[in-house]
Amino acid sequence: LGADRTVIIDDYLLTNEGNAQKIEAAKQKYADKGMSESELKAMIFVSGGVFAEYMDNAIDTLIRKYGSVTGYIKEELGFSDPDIILLQEKYTQA
């Protein structure tokens, strides 16, 4: 919808605030299990936590495959330019 990449990632990371209790419980549950950092991150993700690099990689993948996030929205989700304009009006501030 035209949002800056940093804004998208920052908004995505707000998920961690809403899931703070679940994330903390997962950290406590798995911290002493001898897991690698990547295994622990996977368990936190399954428990509702998110990481900036996950969204960053997702955006990079969409850009590589579709030229942009908008390209993905048009090609795979079937949205038209007027649809995108309506979404921008609804979800972004001028």
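## Charges first

Let's start with what counts as a charge here: Lys and Arg are taken as positive, while Asp and Glu are taken as negative, and His and the chain ends are left out of the count. On that basis the chain carries 10 positive and 16 negative side chains. The centres of these two sets sit 6 Å apart.

One thing to keep in mind as you look around: this is a predicted model.

## The overall build

If you trace the chain from its N terminus, you meet the elements in the order α-α-α-α-α-α-α. That makes seven helices and zero strands.

How far does the chain spread out? Its C-alpha trace spans about 50 × 30 × 20 Å along the principal axes. The radius of gyration is 17 Å, whereas a compact globule of 94 residues would come in near 12 Å.

## Surface and contacts

Buried residues account for 19% of the 94 residues in the chain. The accessible surface adds up to about 6,900 Å², and carbon and sulfur atoms own 54% of that.

Now for who touches whom. Take the contacts in the chain with a separation of 6 or more: 52% of them join residues that are 24 or more positions apart.

## The nonpolar core

Which residues make up the largest nonpolar core? There are five: Ile23, Ala26, Tyr30, Ile44 and Phe51. Helix H3, covering residues 20-30, is the top contributor to this core, with three residues.

Ile44 is a nice one to click on. Setting aside residues up to four places away in sequence, Ile44 touches two of its core partners from helix H3, Ile23 and Ala26. Its other contacts are Lys27, Gly49 and Phe51.

## A buried lysine

Is Lys41 buried or exposed? Lys41 counts as buried because its relative accessibility is 18%, and the cut-off for buried is under 20%. You'll find Lys41 in helix H4, which runs over residues 37-46.

Once neighbours within four places in sequence are ignored, Lys41 is in contact with Phe51, Glu53 and Tyr54. Phe51 should look familiar, as it's also a member of the largest nonpolar core and a contact of Ile44.

## A leucine in a loop

Leu14 lies in the loop between helix H1 (5-13) and helix H2 (15-18). With a relative accessible area of 45%, Leu14 is partly exposed; that label covers values between 20% and 50%.

How far apart are the C-alpha atoms of Leu14 and Ser36? They are separated by 25 Å, and the two residues are 22 residues apart along the chain.

Note on methods: Residues numbered from 1 in each chain as written. Predicted model: local features only at pLDDT ≥ 70, side-chain atom pairs only at ≥ 80, totals over all residues. Heavy atoms only, no water. Rg over C-alpha atoms; globule rule 2.2 N^0.38 Å. Buried < 20%, exposed > 50% of the residue type's maximum accessible area, 1.4 Å probe, protein only. Contact = heavy atoms within 4.5 Å. Areas by Shrake-Rupley, 256 points an atom, 1.4 Å probe, with all protein chains shown as cover. Charge placed at Lys NZ, Arg CZ, Asp CG, Glu CD. Core = buried A, V, L, I, M, F, W, Y, C linked by side-chain atoms within 4.5 Å.
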